[in-house]
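Reader: I would like a close look at a single part of this structure, the second largest pocket. Which classes of residue make up its lining, and what else can be said around that topic?

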Amino acid sequence: MAKILLILSILLSVENIFIKGYEDDTKYLQTLLDGKSVVEFPLNKTFKIKGTLYLRDGHKLIGNHITIIQTLAGKPIFDCVGKKNISISGFNLRGYGNDYSPTSSSLSVGIYCFGAENMIIKENNFYNFSYSPVSGLRKVKNILFENNYCEGIGLNDPKYYQKDVTGITLGGDGIRIINNKITNSSQGIMIAEGSNNIVIKENQIYNLPLEHGIYVDASCSDIIIENNKITNVKGSGIKIQNRNKKIPGISKNILVKNNTISDTGIGDGILINNSEGNEVYAEEVLITGNILKNIGQDGINIRYSKVAKVSENQILNAKRSGIYLKENYDLTVYKNTVQDIQQNGIFDEGSGSNINIDSNVITNVGLEGNDKNGLSSGIFVQGGSNREIVNNYIKGDPKYTQYSLYIPDGDQKTISIKNNKFIGARDFGARFSDKKVKFKEFTGNQFGSKLSGSKTFNQP
């Protein structure tokens, strides 16, 4: 009996060795790739690899829904580094999934395309990559990423802050990311600093447990972010960083249009952000037609800009301000709808100049009930100069909204306030500096007739 068991054990061991020998299809697939430029794979097959498949210039890969599973940690499935004129479509690519390392140079990716040029990646499904389904962090040129599905690893390693897990990471010139679905990664779309000519449109980004829906790093220009749907992300829906000490240049020509963003946990809806000082400003920024709901901080937060416009956005239910402004020059805030806001409808820090707040409809603000430092006002201008506040309609909640308009300081002789309607405030319709300096213009404003908000305080 013992001899029989020994023989069976040996046979099983030999069988396991035999089976394992066929679990690595790297050489077989590489042979297919080396044979010709247009490679059509067998329909619906599944392959496992323990290496990387290397592509060459002109490769066109037609996946036919095959599945390729990476079984070795820290290895990309396809390597296209420095290659040109490549097309990859119709694959199911699955990563190792448990090989996260806290570095942006990680190779735990589906398609590694650093420096690739004229590349199309479309109609693929990506699962379980610990860095990114596609990584071309630098020097890509003319790349299209379209109609793909990307599902990340979530937060599967508590010893790391897994911020580098993305739906796609690219950097370079001529990047188009269109009509993809991205979920369960730390952040959705990541554009590296110094990139140009970027189109991000019609993507669905949802259920991100750590950071932002779309993140564009510093010194990027000619950006269109349009018609994306972003929901249930922990950070900001869209964040554009416009300052980096290491990368020269400015962020310029930025359009953020017709996006729908909801349920940001602790982030803003849309953030144009300089967090490293006031030496660099984003220039020529347009934020228009966006719908923002259930926002964890400010609906729209724009800081350090020159020649910008925030227009015709709907901001519904934000935990801080509807629109937050800091250090902007030549900025127009026009025809936005701001409703159900915990603090200010519009909060202007008072820095910068030539700011026009025109024709906005602001209702039901100050719901947090925090009167300290003016944080329950419809429009709060902390100070500054050269402001126009015209044609706005502000209806507060008399239980919570302390002032419809509050300007505690600033150069009032350079500020115009005209043709606004202020109603529903608890204390005063408008409150101004106790210095009682005359405004440049204060005409045509209407105040509620029955509430205490019908009055002004410190009107010069």
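Author: By class, the lining of the second largest pocket has one nonpolar, five polar and four charged residues. Here Ala, Val, Leu, Ile, Met, Phe, Trp, Tyr, Cys and Pro count as nonpolar, Asp, Glu, Lys and Arg as charged, and the others, Gly among them, as polar. The model is predicted: local features need pLDDT of at least 70 and side-chain atom pairs count only at pLDDT 80 or more, while totals for chains, interfaces and linings use all residues. Residues are numbered from 1 along each chain as its sequence is written, and side-chain values use heavy atoms, with hydrogens and water left out.

The residues that line this second pocket are Asn354, Ile355, Asn356, Asn386, Arg387, Glu388, Thr414, Ser416, Lys440 and Glu441. A pocket is an open set of points on a 1 Å grid over the protein atoms alone, where a 1.4 Å probe fits, with protein on both sides within 12 Å along at least five of seven lines; lining residues have an atom within 4 Å of a point. The space in the second largest pocket is about 150 Å³, a volume being the space filled by probe spheres set on the points, which are joined across faces, edges and corners.

Strands also enter the description; a strand is a DSSP run of E, at least two residues long, numbered from the N terminus. Strand E31 (352–358) and strand E34 (387–390) each supply at least two residues of this lining. E31 gives the most, with three residues.

The largest pocket can be set beside it. About 290 Å³ of space lies there. Its lining has 16 residues, and Lys163, Asp164, Met190, Tyr215 and Asp217 are the closest to its centre. By class, five residues of that lining are nonpolar, four polar and seven charged. Strand E10 (132–146) and strand E14 (187–191) each supply at least two of them.

Away from the pockets, the largest nonpolar core has 89 residues, and Ile68, Phe78, Ile88, Ile111, Cys113 and Met119 have the most contacts inside it. Such a core is a set of buried Ala, Val, Leu, Ile, Met, Phe, Trp, Tyr and Cys residues joined through side-chain atoms within 4.5 Å, where buried means under 20% relative accessible area (1.4 Å probe, protein chains only). Another core, of six residues, lies apart from it, and includes Tyr324, Phe347, Leu375 and Tyr406.

Terms used. Helices (H or I, at least four residues) and strands (E, at least two) are DSSP runs, numbered from the N terminus. Buried means under 20% relative accessible area, exposed over 50%, partly exposed in between (1.4 Å probe, protein chains only).
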